[in-house]
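Please look over the model shown here with attention to its empty spaces and its nonpolar interior. The report below is written for a reader who wants the cut-offs beside the values.

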Amino acid sequence: MSAAALLDAEPTTSTERNRRAGPVLAVDLTAIAANTRVFAERIPGALMAVVKADGFGSGATAVAQTALANGATWLGVTSIAEAVALRSDSITAPILSWLNPVDADIAPAVHTWIDVAVPSAEHLAAVVDAATRMGRTARIHLHADCGLARDGAPASQWRRLCEAASRAERGGHVLVVGVMGHLACADQPDDPANLVGRRAFEQAVATARAVGLRPQLRHLAATSATLTNPASRFDLCRVGAGLVGIDPSNTTSLRPTLTLTAPVVSVRDVPAGTPVGYGHTYVTAGRTQLALLPLGYADGIPRLSAGRAEVSIGGARCRVVGRVSMDQLVVDVGSTPVRPGAVATVFGPGHRGEPSVAEWASWAGTIEHDIVTGIGARVRRILQPATPIGVAVDRVPTVRSRS
Ligand SMILES: *Cc1c(COP(=O)(O)O)cnc(C)c1O
């Protein structure tokens, strides 16, 4: 019997029981809905829900559906593969994909009305080529560098790109739907780079118009700029982190959306002087109890958090001690009575004193985005619905259009 057949033969209840026994990432879709409304109500134009990296680790389709039901009208992702996956889940809202290698297959995007960002003449040529072969018009957004020296076209190449796009548009191969930029320092609202970046963006739009393009959607702001810099909002704001409760500008109270829990696998009594884990980097100071959690750096627990991190067990904060291993970590629970099977909360909204994602980020010397997108695939996701169970959330709102 093949391994696959053996697996099939296993009783579902056993498989299910083992699946349910492990760590869980609970995604609060009600909080995502509330966060979406904060943005939708604040901005004059359209809201694009950015659901790249599997919806910042929360599940791209679930975040997308929740956002679309609460005021977002566009979706944004990096790759065409991510966009196509949303289409496969029956999402019909407009989608923009903004980061693809020149040899990416554009055809599925053109087929299913996925807009693609174009940052260079080479990318434009690839899109025109695909559209020509298909006898279709590709929808594109020209992407200008506004100060990151990263994924948009440098100012020195912008006019040439716009002229080439204008020719392609006249030839019926593309429709230039938008011009996009991105700000480097928006999480620091007072940074002078924000004004420099916005001016660069306005200049890019002016150049596009000067060569005859009429982009309907000018978009520059992501979460921080949307919250702190009204002049950067233009026709559409691309918001990702904010939907999942992260405000890099630290100006707005958003709802935390994630709770990560894990069962205690075992508990041991140890005397003072007991070295713990790889490399013996920690030695117990006194007699204590050590609890084992089945979560490690392969599950997104940052190895660099060792020595600072805490989890919550039975309402008490307990230190993570020794090195974080690939699959497990050890918690010093002191004299608190803890039994195998008890549930440890790694992070959550903080209502019960548990650590927040922001604390984990500071323990690891990183940002919250890094923590939430890093939670590994073997951690089971539970979606806590935003609407009463049984109510469909896959309704697609009409696209708010601007003329
Ligand atoms: C990730 C990303 C966004 C979303 O940024 P947040 O700060 O998470 O809202 C917007 N635009 C681009 C180009 C991005 O890469």
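The report goes from the overall make-up to the spaces and then to the cores.

This is a predicted model, in which local features need pLDDT of at least 70 and side-chain atom pairs count only at pLDDT 80 or more, while totals for chains, interfaces and linings use all residues. Residues are numbered from 1 along each chain as its sequence is written, and side-chain values use heavy atoms, with hydrogens and water left out.

The protein has 13 helices and 19 strands, taken as DSSP runs (H or I, at least four residues, for helices; E, at least two, for strands) numbered from the N terminus. Of its 403 residues, 49% are buried, that is, under 20% relative accessible area with a 1.4 Å probe and protein chains only. Among contacts with a separation of 6 or more, 67% join residues 24 or more positions apart, a contact being heavy atoms within 4.5 Å.

Spaces were sought on a 1 Å grid over the protein atoms alone: a cavity is a set of points where a 1.4 Å probe fits but cannot get out, a pocket is an open set with protein on both sides within 12 Å along at least five of seven lines, and lining residues have an atom within 4 Å of a point. A volume is the space filled by probe spheres set on the points, which are joined across faces, edges and corners.

| Space | Volume | Closest to its centre |
|---|---|---|
| Largest cavity | about 80 Å³ | Asn100, Ile106, Ala117, His123 and Val127 |
| Largest pocket | about 860 Å³ | Lys52, His182, Ala222, Pro248 and His369 |

The lining of the largest cavity holds twelve nonpolar, two polar and no charged residues, where Ala, Val, Leu, Ile, Met, Phe, Trp, Tyr, Cys and Pro count as nonpolar, Asp, Glu, Lys and Arg as charged, and the others, Gly among them, as polar. Strand 5 (114-118) and helix 8 (121-134) each give at least two residues to that lining. The lining of the largest pocket has 21 nonpolar, ten polar and seven charged residues, and the elements that give two or more residues to it include helix 4 (52-56) and strand 9 (236-239).

In the largest nonpolar core (buried Ala, Val, Leu, Ile, Met, Phe, Trp, Tyr and Cys joined through side-chain atoms within 4.5 Å), which has 112 residues, Ile140, Leu142, Phe347 and Trp360 touch the most other members. Beyond its neighbours within four places in sequence, Leu142 is in contact with residues including Val118, Trp158 and Leu213. Another core, of seven residues, lies apart from the largest one, with Val270 and Tyr282 among its members.

How values were computed. Buried < 20%, exposed > 50% of the residue type's maximum accessible area, 1.4 Å probe, protein only.
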